[in-house]
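Please read the points below with the model open beside them. They are meant for someone meeting this structure for the first time.

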Amino acid sequence: MSPQRRRRGTNVPNSPVATMARGAGLLFTGVFTGFLVAVLVLELSLRGFDRHVYTEVRQVELDSLDKLAVVTLLPALITTGLLVASTFRQGGRSSWWTLTAFTLLVGILALTLVINMPINADQLDWSVQAPPADWTSVRDRWQIAHSVRTGAAVLAFGALIADATRTSHRPHQGTPAAPPHELPAAPEDSASQQRTGR
């Protein structure tokens, strides 16, 4: 197998599109992950307070934090998906790190749509003075789902960092390999040639 064919099978795209997608993916996934971690810390802190405090703080959270989640998760998904697509378009194999990050981000979106968003919509209608009787079970279900997606986001961000680190240590795709230089003859070989010539 020729070196060119081996290089064509590599899985590290270095085109301008891939480079921009990688950088944007890292940025948006990093901000999204930090946001989820901060919310998780706040939610765990709320477990020590009563239903009235919990309901009031949750409604303050839901005023704008959902918007931050949308404007960070969706760009993270799009840019990571572009990175995967760009790699395949160049004829290479997409990095397992990138595919892992994209899969995790899709899972986070699915979990958010199925569990967290319906609970968010329900909690917006709660009365601070009289939350529902099952408020603790609703809180626990939301927090468990949020803990799962926070862990998945941390793993996705780590996978993108690993991919970027691996890419920065690889040569650009399509760069021809330097031809091997001929090594000078060993002194023993030269001496034996001279003796044979006599």
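1. This is a predicted model, and a useful place to begin is its largest nonpolar core, which has 23 residues. Within this core, the residues with the most contacts are F32, F35, L73, L105 and I108. The elements that contribute two or more residues to the core are α2 (16-46), α3, α4 (96-123) and α5 (135-168), and α5 supplies the largest share, namely eight residues.

2. One of those core residues, L105, can be followed to its neighbours: leaving aside residues up to four places away in sequence, L105 touches T29, L73, A76, L77, T80 and A156. Here L73 appears again, a residue that is itself listed with L105 among those having the most contacts inside the core.

3. As for the overall make-up, the chain has six helices and zero strands, so that the order of elements from the N terminus reads α-α-α-α-α-α. Of the 198 residues in the chain, 34% are buried. When contacts between residues at least 6 apart in sequence are considered, 83% of them join residues at least 24 apart. The chain exposes about 11800 Å², and carbon and sulfur atoms supply 67% of that area.

4. Helix α3 covers residues 51-89, which is 39 residues, and its first and last C-alpha atoms are 53 Å apart, close to the 57 Å expected at 1.5 Å a residue. The helix nevertheless bends by about 45 degrees at D63. At the start of α3, a side-chain oxygen of D50 comes to within 3.1 Å of the backbone nitrogen of H52.

5. Is S86, a residue of helix α3, buried or exposed? S86 has a relative accessible area of 2%, and because buried means under 20%, this residue counts as buried. Setting aside residues up to four places away in sequence, S86 touches S15, V17 and A18.

6. Helix α4 invites a similar check of its length, since its 28 residues should span 40 Å at 1.5 Å a residue, and the 39 Å between its end C-alpha atoms agrees with that expectation. A bend of about 45 degrees is found in α4 at T112, and T112 is also one of the buried residues of this helix. The buried residues of α4 further include T98, A101, N116, I119, N120 and Q123, together with L105 and I108, the last two being among the residues with the most contacts in the largest nonpolar core.

Technical notes. Residues are numbered from 1 along each chain as its sequence is written. This is a predicted model: local features need pLDDT of at least 70, side-chain atom pairs count only at pLDDT 80 or more; totals for chains, interfaces and linings use all residues. Side-chain values use heavy atoms; hydrogens and water are left out. Helices (H or I, at least four residues) and strands (E, at least two) are DSSP runs, numbered from the N terminus. The expected span of a helix is 1.5 Å times one less than its number of residues. The bend at a residue is the angle between axes fitted to the seven residues ending there and the seven starting there. A polar contact is a pair of N or O atoms within 3.5 Å; within protein, one must be able to donate a hydrogen and the other to accept it, and residues adjacent in sequence count only if both atoms are side-chain atoms. A nonpolar core is a set of buried Ala, Val, Leu, Ile, Met, Phe, Trp, Tyr and Cys residues joined through side-chain atoms within 4.5 Å. Buried means under 20% relative accessible area, exposed over 50%, partly exposed in between (1.4 Å probe, protein chains only). Contact means heavy atoms within 4.5 Å. Accessible areas come from the Shrake-Rupley method with a 1.4 Å probe; for residues, only the protein chains shown count as cover.
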